[in-house]
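Open the model in your viewer and keep the selection panel at hand. The stops below say what to select next and what is there.

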Amino acid sequence: MNLTLTPTMLQGNITAINSKSDAHRKLICAACAQSASFLPLQKPYCADIIATMQCLTALGAQFTEQEHGVQITPIDPSRQSASPVLDCLESGSTLRFLMPVAMAFSPCARFIGSGRLPQRPIGALTDVMSAHGVQFSAPALPMTAKGSLHGGEYALAGNVTSQYLSGLLMALPHTGEDSTIRLTKPLESAAYVALTCKVLREFGAEITETAEHDLPVFHIKGKCRLQPPAPLYVDGDWSNAAFFLVAGALCAPITVHGVYADSTQGDKTICDILRMAGADVTQSADRVTVAPPENGTLQAFSADMREIPDLLPVLSVLAAFAEGETHLHHAARLRLKECDRLRETARLLRALGGNVEESEDALRITGGTLRGGVADGCNDHRMVMSAAMAALRCENPVTILGTEAVNKSYPAFFEDYQRLGGQVRPTEEV
């Protein structure tokens with residue numbers, strides 16, 4: 001579906017949606033636990049969360065929808081088929097988390113996916129799993145895995161994606177042996193691993209962290225029987241709240257409720273970056289209000305993307321309206337997302353009239369104004385939502401192609417956008 005957005009001012013209050021990162025981990029841990037639990041998960045579920053729930057169902061878990069969330073019955077291998085099929089849809093998190101988890105609960109599983117997922121890297125994960133009892137029929141999707149994941153000594157690079165490490169951390173407590181994971185290269189997106197460990201510890205897993213040669217080492221106790229904490233909750237999503245917080249800096253005051261200052265999500269750094277750009281940011285324990293600078297002029301900034309890669313597209317939009325030259329660096333991993341986000345973000349800004357230079361792992365953006373035009377959503381939820389933020393301050397309307405991509409993480413995005421004053425209309429032809 002294509003939508004045309006008219007430049008306008010967003011303003012008001014909105015409640016953050018559930019954190020996809022937190023929900024993935026709690027759904028998986030609850031499905032691997034010893035007793036049933038209730039998770040207050042908001043509807044509509046995004047496509048990635050649907051993928052995780054469907055895959056866990058294939059492994060023998062059950063999810064019963066209730067008025068304010070979902071009742072989770074843990075995995076029972078007797079409910080599995082002989083070779084359960086785990087359709088990860090387009091969710092890289094689902095695939096990378098559940099490859100090791102599935103092989104701790106099933107001797108055979110088939111993994112499939114769609115979109116760009118079969119091209120996204122998993123080689124480092126299949127390599128370490130192959131060294132610990134699992135055989136794969138192919139190096140990429142679709143593939144069948146056979147054998148039971150064993151504990152023991154693991155060596156893993158930390159600079160490709162933290163999701164490999166998170167998947168192993170969620171699986172290894174269920175093996176028959178204690179395990180150690182040593183990183184061979186520095187860990188990027190460390191906040192996501194901290195979130196994984198936090199959730200696992202809440203469920204009773206025994207995970208300790210030390211260091212060797214300045215690199216993290218994780219020690220995981222095997223034969224663990226997870227128990228769900230009471231009550232369970234899902235954190236507000238800082239990654240998706242960031243879009244409307246940027247809108248506050250571009251337009252008029254916007255308050256996002258349900259984003260917690262003590263969250264382990266790395267993307268809460270958006271508040272610091274907005275302050276760096278000159279926006280007026282007021283933060284309390286459970287909400288943030290962002291308004292434009294008092295003098296009306298945003299300033300260029302510099303940001304390292306290693307720990308906050310998902311913020312690059314919307315930070316690029318912020319930079320396009322800031323005075324001066326913004327640098328977003330250490331972003332090479334963004335080429336391996338739903339699209340090549342580094343290249344496509346540069347194309348997006350240029351299509352709307354922006355000034356941006358792309359290098360191997362960085363963008364250099366010279367601020368000014370954007371004229372508007374046609375933006376390709378690239379079948380990527382964060383590209384679509386970033387284009388919607390750009391439309392607010394463009395000189396002319398912006399038509400975004402493939403807006404249904406928001407269903408991956410934020411199905412109600414355009415409803416919330418309009419609730420704050422956004423002007424949206426369907427467009428049949430471009």
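Start with strand 15 and strand 16, which are connected as a hairpin through three residues. This is a predicted model. Select residues 280-283 for strand 15; the strand runs antiparallel to strand 16, and four bridges join the two. Within this pair, Val 281 stands opposite Val 290 of strand 16.

Now add residues 254-257, strand 14, and residues 287-291, strand 16. These two are also antiparallel and are joined by four bridges. Show Val 256 and Val 288 as sticks: Val 256 is in the position opposite Val 288 of strand 16. In a regular strand, side chains alternate between the two faces of the sheet.

**The second largest cavity**

Keep Val 256 selected, since this residue is also part of the lining of the second largest cavity. Which other residues line that cavity? Add Ile 14, Thr 15, Ala 16, Ile 17, Asp 237, Asn 240, Ala 241, Phe 244 and Tyr 410 to complete the lining. The space inside is about 40 Å³. Strand 2 (12-15) and helix 7 (238-250) each supply at least two of the lining residues. Helix 7 gives the largest share, three residues. Colour by class and the lining shows seven nonpolar, two polar and one charged residues.

**The largest pocket**

Ile 17 leads on to the next stop, as it is among the residues nearest the centre of the largest pocket. Select Asn 18, Gln 42, Lys 43 and Pro 44 along with Ile 17 to mark that central part of a lining of 19 residues. The volume of this pocket is about 260 Å³. By class, eleven of the lining residues are nonpolar, five are polar and three are charged.

**Helix 1 against helix 6**

Clear the selection and pick residues 20-31 (helix 1) and 190-202 (helix 6), whose axes come within 10 Å of each other and cross at roughly 35°. The crossing is right-handed. Which residues make the contact between helix 1 and helix 6? From helix 1, show Ser 21, Asp 22, Arg 25, Lys 26 and Cys 29; from helix 6, show Tyr 192, Leu 195, Thr 196, Val 199, Leu 200 and Glu 202. Sorted by class, this contact has five nonpolar, two polar and four charged residues.

**The largest cavity**

How many cavities of 30 Å³ or more does the structure hold? There are two, and the largest contains about 430 Å³ of space. Centre the view on Ser 93, Arg 120, Gln 163, Asp 310 and Lys 337, which lie nearest the middle of this cavity out of a lining of 30 residues. Helix 1 from the previous stop is one of the elements giving two or more residues to the lining; the others are helix 3 (92-105), helix 5 (162-171) and helix 11 (381-391). The lining divides into six nonpolar, eleven polar and 13 charged residues.

**The second largest pocket**

The next selection is Ala 47, Asp 48, Leu 89, Glu 90, Ser 91, Asn 379, His 381, Glu 404, Ala 405, Asn 407 and Lys 408, which line the second largest pocket. Its volume is about 150 Å³. Three of the lining residues are nonpolar, four are polar and four are charged.

**The four-stranded sheet**

Finish with an open sheet of four strands in the order 17-18-20-19, where the pairing is mixed. Which strands are the edges? Select residues 302-304 and 355-358: strand 17 and strand 19 are the edge strands, each pairing on one side only. From one strand to the next, the twist averages 10°.

At the strand 17 edge, add residues 325-329 for strand 18; these two strands are parallel and share three bridges. Asp 304 stands opposite His 329 in strand 18.

Two helices can be added to this view. Residues 312-320 form helix 9, which lies across strand 18 and strand 20 (363-366) and runs at about 30° to strand 20. Residues 341-351 form helix 10, which packs on the sheet and touches strand 19 and strand 20. The direction of helix 10 makes about 160° with that of strand 19.

Definitions and conventions: Residues are numbered from 1 along each chain as its sequence is written. This is a predicted model: local features need pLDDT of at least 70, side-chain atom pairs count only at pLDDT 80 or more; totals for chains, interfaces and linings use all residues. Side-chain values use heavy atoms; hydrogens and water are left out. On a 1 Å grid over the protein atoms alone, a cavity is a set of points where a 1.4 Å probe fits but cannot get out, and a pocket is an open set with protein on both sides within 12 Å along at least five of seven lines; lining residues have an atom within 4 Å of a point. Grid points are joined across faces, edges and corners, and a volume is the space filled by probe spheres set on the points. Ala, Val, Leu, Ile, Met, Phe, Trp, Tyr, Cys and Pro count as nonpolar, Asp, Glu, Lys and Arg as charged, and the others, Gly among them, as polar. Two strands pair if DSSP finds at least two bridges between them. Axes are lines fitted to C-alpha atoms, for helices over the stretch in contact, and angles run from 0 to 180 degrees between N-to-C directions. A crossing is left-handed if the near helix is turned anticlockwise from the far one by less than a right angle, and right-handed if clockwise. Contact means heavy atoms within 4.5 Å.
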